[in-house]
Amino acid sequence: MSDVTRRTAVGGLLVGSFAAAACSSASSSAKQVAPGGRGNGLRPGRAWNGTAGSGGTAPAQSDVPLGTLVPDERFIGGFSAAPGQWIHGEGIRITALGLPPQSANSSEINYFKEAVFYLEGNTVTVTDWSVNQTPVRMYDGRMAPQGSIGFSVEIGAGEGPVTAGDAILYCYLRGEHGLERRIELPLVINVDRSLDAKRPTRYIDPVEGDDGAAGTQDAPWKTIAQGLSKRGVGDGGLLILTRAGRYVEDRNSGPGIGTIDNARVIEVKPADGLRPDQVVITRTDRYLPEPRWGILARRVHFHGVTIDMSKFPRIMGVPGTQVGFFGCQLLDRERMYGQKNAAGRSLGLNFFKGDPRQRDILPPLPYLGHGFYLLESLFEGAAPMAPRLYRNVTAKLTTDAFQGGPGYDGVVIDGYDATIGEPAPIRLHLPPTLVVESVAREGQGHTAIIVRDAADLSPMKRIWDLQVRIVTGAGAGPKPYQLFLADPATRRIVVEGDLAGTLSPGDEIMCYAIFHVDFMQQGGVQRANQRGMRNTTVFRYHAEGPTAQLFLTQGAVSLLPNSVITTNGTAFRITSPSGQNEILPDDILQLQGGALPGEYRFVKSFDAATGSGVLLEPFSRDQTDAPVARAKTMTDFVMALSTLRKTGHGWEMGQFQHGHRNFLLAQNTFISEPNCLTFRSKAPGHGHRNHVQLFNLCTRIDADLPELPSVGLRIEHVHLLAGKPRGKFSRLRPVSLSFGAQQRYQPSREILRIGRKPLIPFDSFGNPVDADSPVGSLSV
């Protein structure tokens with residue numbers, strides 16, 4: 001992708017060169033670079049002394065809405081870098097990613113106006129989009145442009161005598177109608193390399209090293225664990241992996257092993273000239289005394305290595321851990337779809353049954369440990385679990401359900417590409433299959449199956465994702481059947497459809513749940529303050545597979561038993577005989593009884609000491625001791641320039657469930673069999689608020705529902721290739737789908753072209769857009 005020329009205001013002049021101006025404009029206080037230099041960048045002011053926050057106080061975020069915006073809307077965004085990232089050398093550009101909110105009751109589009117960066121006393125105002133062309137080392141060792149879309153600035157040395165140290169970068173994303181979103185990022189600025197002289201540097205050699213040695217180049221350590229322990233490289237240190245080969249990390253404890261509370265990030269890098277595939281971090285066995293790789297330093301960044309995820313079922317850290325993987329490969333090619341039968345068909349993944357050694361655990365990142373960051377990394381056969389940030393990540397032959405316990409606060413996903421060959425089933429029993437003992441027809445055309453042994457099969461009733469597959473016998477094949485009921489006590493399984501003529505005694509079946517090719521699911525949440533899915537920004541996300549869909553769910557945390565709510569307008573009080581509830585801003589409370597059961601309302605504030613709070617808006621009428629529950633909630637989500645293609649048939653649903661707020665889909669393409677994209681709530685007070693779809697292309701948007709939510713959903717300028725037109729300026733287009741190289745969707749020339757003022761001037765493949773470029777479904 002070539003550099004993009006955009007106009008940027010610099011002291012009233014127009015600068016057309018992306019390379020010269022770094023797509024930013026300096027304020028009058030920013031240092032000017034001599035002709036022939038790199039151009040106007042962002043650098044700390046003279047008051048900065050190398051300590052974060054010493055350069056000056058950043059302006060407060062403005063919450064004053066203008067124009068048509070509703071008061072509770074905020075910008076959504078994040079940075080393209082990880083917290084604590086070391087910035088070595090000029091030319092490093094940091095990108096702010098985000099989109100403005102859109103009013104739910106106005107047809108006026110809120111385009112971006114500008115982004116203002118503030119770094120320790122200096123500011124830069126950027127008024128045009130850019131493509132970040134700074135080369136980075138990819139998972140295969142190539143140097144490639146990042147391609148991040150957004151407002152970019154180049155970080156340079158400070159203006160004063162201190163040119164290296166800890167700093168905080170702020171960005172204010174502003175739209176045409178007011179409101180701004182302030183995001184912040186701590187960095188280590190080392191552009192003049194002056195920190196190198198003070199930085200502890202130690203070496204690892206897995207062949208000739210000794211963890212009892214000094215760790216120097218002449219006397220290296222043997223393990224990375226030693227370097228990241230309390231007797232290791234130390235705060236802000238650099239660990240050099242000296243040779244190609246396997247770095248075996250079996251130690252989680254032992255002499256000299258203990259946690260280090262390092263304030264500054266430790267970087268782990270291969271020696272110059274080594275590719276990521278040549279440096280493999282692994283273990284001798286998948287299960288040692290415990291199935292985890294413990295990272296004992298609090299802040300660590302790994303650069304350009306391969307992590308053998310087949311040997312790391314869990315990567316864990318101490319509380320407050322921030323671990324980043326930059327340009328790495330995270331691979332588990334052995335357990336993509338679990339066991340296979342003699343015919344080579346997948347028998348599914350066993351996540352829950354039997355001894356832990358009998359389980360097929362798709363390696364998650366992390367299980368615990370708080371902030372894990374993935375940048376320019378490759379996944380293959382691994383399922384990431386709750387990392388806090390993704391950027392330019394490629395997933396190859398992997399399930400794509402981002403799932404996790406701690407949540408997704410502040411997640412930025414930019415350039416994620418997932419290709420999935422087949423659905424990954426989660427087996428619901430320990431044996432690979434269950435043997436049929438008898439088959440009988442049930443009422444309403446269903447089939448009752450008695451199996452010989454169902455002792456470890458959990459009792460189940462019909463939910464969407466439970467299915468049965470015939471593995472051996474005359475009816476064997478990939479076709480799934482809906483599982484209605486499983487009763488282990490009677491060994492009885494009820495399946496949708498008449499299988500009496502297809503299934504025979506002695507045949508083998510598998511009961512399983514679909515491991516969806518989803519965008520995000522949150523599970524394992526135990527406390528209210530663990531819930532995330534707030535301030536999530538997704539750009540250039542491409543997913544393709546049989547169950548590909550947009551399916552966002554959040555783990556719910558129940559209120560205490562017998563909780564009731566009393567309201568007076570927006571004021572409310574919640575009581576429970578068993579104690580005090582934990583209520584958070586942006587929680588959604590759902591009435592379980594009284595005159596208005598099912599209504600939802602958002603919480604604006606709550607005082608735990610008094611058990612009282614304020615709702616964003618009142619219920620339809622006041623309540624007195626009405627039973628109440630906490631509903632699922634997700635706030636401030638943006639998805640733009642993404643392509644989601646479902647290649648399989650079936651009823652799996654992509655869901656925006658109840659309780660989503662400030663939800664923006666802009667310039668996306670949803671190409672699928674039915675149920676790629678679905679809005680799921682039908683209740684009158686369903687709690688949706690400010691759902692906006694702009695310039696999207698959908699094969700169909702109504703999926704399995706006869707109607708869409710009538711409250712808080714705005715659809716404009718959307719093309720639908722099946723179903724019926726929805727929303728303002730939307731239209732049904734009889735355009736056939738076409739797919740080019742690597743089965744990528746090719747926009748039809750029959751679709752209207754983008755206007756002169758797009759929301760974002762780049763398509764879902766990162767190409768710059770002009771007035772003649774067809775992009776997804778974009779219209780004027």
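## Burial and strand β35

A residue is called buried here when its relative accessible area is under 20%. The structure described in this report is a predicted model, and strand β35, made up of residues 424-427, shows how that term applies within it. On one side of β35 lie A424 and I426, on the other P425 and R427, and all of these residues are buried, so that both faces of the strand are covered. In a regular strand, the side chains alternate between the two faces of the sheet.

Strand β35 pairs with strand β42, residues 508-515, in the antiparallel sense, and four bridges link the two. Within this pairing, I426 faces A513 of β42.

## Overall composition

The chain has 780 residues, of which 61% count as buried. Its secondary structure consists of two helices and 63 strands.

Contacts between residues at a separation of 6 or more can be divided by distance along the chain. Residues 24 or more positions apart account for 68% of these contacts.

## The six-stranded barrel

Six strands close into a barrel with antiparallel pairing, and their order is β47-β48-β51-β50-β49-β52. On average, neighbouring strands of this sheet are turned by 45° against each other, direction ignored.

Strand β49, residues 588-591, has a partner on each side in that order. With strand β50, residues 600-607, β49 pairs in the antiparallel sense over three bridges. Here L589 has R601 as its bridge partner, and Q590 stands opposite Y600. With strand β52, residues 626-631, β49 is again paired in the antiparallel sense, over four bridges, and L591 stands opposite V628. Both faces of β49 are covered: I588 and Q590 are buried on one side, and L589 and L591 are buried on the other.

## The open parallel sheet

Another set of six strands forms an open sheet with parallel pairing, in the order β33-β44-β53-β56-β59-β61. The edges are held by β33 (412-414) and β61 (713-716); each has a single partner strand, so one side of each is left without a neighbour in the sheet. Neighbouring strands of this sheet are turned by 5° against each other on average, direction ignored.

At one edge, strand β59, residues 689-694, pairs with β61 in the parallel sense over four bridges. The bridge partner of H691 in β61 is L713.

## Nonpolar cores

In soluble globular proteins, nonpolar side chains tend to be buried together. In this model, the largest nonpolar core has 73 residues, and those with the most contacts inside it are L228, F302 and I307. Strand β16, residues 238-241, gives the most to this core, with four residues.

When neighbours within four places in sequence are left aside, L228 is in contact with L239, I260, I266, V268, I295, L296, A297, V300 and F302. A second core, separate from the one around L228, has 50 residues, among them L97, F117, V126 and I760.

## Cavities

Two cavities of 30 Å³ or more are present in the structure, and the largest has a volume of about 50 Å³. The lining of this largest cavity is formed by A225, L228, R251, W293, G294, I295 and L296. Strand β20, residues 293-295, supplies the largest share of that lining, with three residues. L228 thus appears both among the lining residues and among the residues with the most contacts inside the largest core.

## Two buried positions

I315 is placed in strand β23, which covers residues 315-317. The relative accessibility of I315 is 0%, and I315 therefore counts as buried. Although I315 and R292 are 23 residues apart along the chain, their C-alpha atoms are separated by 5.5 Å.

Q530 belongs to the loop between β43 (520-522) and β44 (534-539). Because its relative accessibility is 17%, Q530 also counts as buried, the limit being under 20%. Between the C-alpha atoms of Q530 and V557, which are 27 residues apart along the chain, the separation is 9.2 Å.

Technical notes. Residues are numbered from 1 along each chain as its sequence is written. This is a predicted model: local features need pLDDT of at least 70, side-chain atom pairs count only at pLDDT 80 or more; totals for chains, interfaces and linings use all residues. Side-chain values use heavy atoms; hydrogens and water are left out. Buried means under 20% relative accessible area, exposed over 50%, partly exposed in between (1.4 Å probe, protein chains only). Two strands pair if DSSP finds at least two bridges between them. Axes are lines fitted to C-alpha atoms, for helices over the stretch in contact, and angles run from 0 to 180 degrees between N-to-C directions. A nonpolar core is a set of buried Ala, Val, Leu, Ile, Met, Phe, Trp, Tyr and Cys residues joined through side-chain atoms within 4.5 Å. Contact means heavy atoms within 4.5 Å. On a 1 Å grid over the protein atoms alone, a cavity is a set of points where a 1.4 Å probe fits but cannot get out, and a pocket is an open set with protein on both sides within 12 Å along at least five of seven lines; lining residues have an atom within 4 Å of a point. Grid points are joined across faces, edges and corners, and a volume is the space filled by probe spheres set on the points.
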